[in-house]
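Please open the model in a viewer and keep the sequence panel visible beside it. The tour below proceeds by selection, one stop after another.

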Amino acid sequence: MGERLGQVRLCCVQLHGCGASAGRLEARAKPGRARRLLPRERSGLPISVSDIASRCIAHLDLDAFYVSVELARRPELRGLPVVVAGRSPRAVVTTASYEARRFGIFSATPAAQARRLCPEAVFVEPDFPAYRDRSRDVMAIVGEEIDRVETVGLDEAYLDLSDLERPATAARRLKATVRERTGLVCSIGIGPNKLVAKVASDAEKPDGFVVLSAPEARRRFGGEPPGLLPGIGPKTAARLASLGIDTLDRLAAAPEADLSGWFGPRLGRGIGRLARFEDDRALELARTAKSESRETTFHTDFRGVPALLPALEELGRELCERLRAQGRAGRTVGIKVRLDDFSTHTRARTLREATNDAVVVGSVAGELLRRFDPPRPVRLLGVKVAGLDASVGARTQPGRGRSDQLTLGELG
Ligand SMILES: [Mg+2]
């Protein structure tokens, strides 16, 4: 079974914030506090970031992280096009060095295509345990300097600098410390919210350091396409372009009524606010998973439900083992199926009771798969249990399982 399950096994964890732990984090005493700048006083001291009102958020993003870890232990590769990618025929590039990017090789470029684009590139297989170790090193340094941190994946974090008297100075010092102690280079963006910080950190990579207020961000990026912003995906960007809204300036100026009419009130209003760089999302200081999933990409496509069921059951077993180890259970069981035309389909069902029982998960997932009955060969299969813990005692509609269709789109 292990062999049949193919080469890409991903553990996807969806996260949401847990506000309760914020106080604990704030109260924690940190080493290195003596080096930290004093909290900003309320007496009107000048601050170095204009227009931040009450919040100052930094986004720290390690540059070409996986490649940088490889270069740190193999310095002879410095200056060469280096690509971190698996060996299997369907592997995709996880990270490319900046030299390799000049050949058109980026994250998610198929590895085979990358080899064609730059045959002389050095291909390195990913070493995730090493990347996790280095990530922990970096985040530990960040944690020594900054109390309120939201880590995102291995190579990114949002930092709340609101209480620092001179946030930009503190961030520059942190950047230098990370480089000095780990050899890793990061880019940092600073702004009044997560959105500005994120876009600013991306603006001058690698080794970037960009501080912007929201109006400055609007001026600087106003001529860029809306797809520049995280939160505006390719579909939305294409729809906007077809409506003649091809810059952030145009999107920011679009009447909310029009946007709501085109995209629905929630998304319509949301993208308008994004374009104006308005964002009041809080940092998610301690993160707890609300769903767990397992998925696998097959070496060769599988056709028909009977051929897929063993893999589905195996994924369900692994997933439930993990949930039981965590002492967690969830009410929503879902499947994800990617067909050979790369279309991705999800189905889910919400149960009366939370479960982490492999037999229950396997049978619900199997039923969902049979009902979906993949019309084409399948390249990827996944199983998910969602609504973990929190929903166990909070049933909004006791005894009423929602239909498959209503929960479409919750997965994946
Ligand atoms: Mg990065």
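Two strands are said to pair if DSSP finds at least two bridges between them. Strands (E, at least two residues) and helices (H or I, at least four) are DSSP runs, numbered from the N terminus. The model is predicted: local features need pLDDT of at least 70, side-chain atom pairs count only at pLDDT 80 or more, and totals for chains, interfaces and linings use all residues. Residues are numbered from 1 along each chain as its sequence is written.

**The whole protein**

Begin with a cartoon of the full model, which shows 14 helices and 13 strands. Of its 412 residues, 35% are buried. A residue is buried if 20 or more other C-beta atoms lie within 10 Å of its own, exposed if 12 or fewer, and partly exposed in between, with the C-beta atoms placed from the backbone.

**The five-stranded sheet**

Select β6, β7, β2, β8 and β9, which in that order form an open sheet with mixed pairing. β6 (149-152) and β9 (209-211) stand at the edges with a single partner strand each, so one side of each is left without a neighbour in the sheet. On average, neighbouring strands of this sheet are turned by 15° against each other, direction ignored.

Now zoom in on strand β8 (residues 186-191), which pairs with β9 in the parallel sense over three bridges. Within this pair, Gly 189 stands opposite Val 210 in β9.

Add helix α6 (residues 167-182), which packs on the sheet and touches β2 (57-62), β8 and β9. The direction of α6 makes about 170° with that of β8. Such axes are lines fitted to C-alpha atoms, for helices over the stretch in contact, and angles run from 0 to 180 degrees between N-to-C directions. Next add helix α7 (residues 194-203), which lies across β2, β7 (156-160), β8 and β9 and runs at about 145° to β8.

**The loop after α7**

Where is Pro 206 found? Pro 206 lies in the loop between α7 and β9, and a cis peptide bond with omega of about -10° joins Lys 205 to Pro 206. Asp 207 is placed in the loop between α7 and β9 as well. The phi of Asp 207 is near 60°, a positive value in a residue other than glycine. Asp 207 has 12 C-beta neighbours inside 10 Å and therefore counts as exposed.

**The nonpolar cores**

In soluble globular proteins, nonpolar side chains tend to be buried together. A nonpolar core is here a set of buried Ala, Val, Leu, Ile, Met, Phe, Trp, Tyr and Cys residues joined through C-beta atoms within 7 Å. The largest one has 61 residues, and those with the most contacts inside it include Val 83, Ile 190 and Ala 200. Select Ala 200: leaving aside neighbours within four places in sequence, its contacts include Gly 189, Ile 190, Val 210 and Ala 217. Two residues are in contact if their C-beta atoms, placed from the backbone, lie within 7 Å. A second, separate core of 26 residues includes Phe 302, Val 364, Leu 368 and Leu 380.

**Strand β3 and its partners**

In a regular strand the side chains alternate between the two faces of the sheet. In strand β3 (residues 82-85), Val 82 and Val 84 point one way and Val 83 and Ala 85 the other way, and all are buried. β3 pairs in the parallel sense with strand β5 (residues 122-124) over three bridges, and Val 84 stands opposite Val 124 in β5. β3 and strand β4 (residues 93-96) run antiparallel and are joined by three bridges; there Val 84 stands opposite Thr 95 in β4.

**Two packed helices**

Select helix α2 (residues 65-73) and helix α5 (residues 128-145), which pack at an angle of about 95° with their axes 10 Å apart. α2 is therefore roughly perpendicular to α5; angles of 65 to 115 degrees count as roughly perpendicular, under 35 as roughly parallel, over 145 as roughly antiparallel and the rest as oblique. Phe 65, Tyr 66 and Val 69 of α2 make the contact with Ala 130, Tyr 131 and Arg 134 of α5.

**Last stop: β13**

Is strand β13 (residues 378-388) buried or exposed? In β13, 11 of the 11 residues are buried, so the strand is largely enclosed by the rest of the structure. Strand β11 (residues 330-339) pairs with β13 in the antiparallel sense over nine bridges, and Thr 332 stands opposite Ala 386 in β13.
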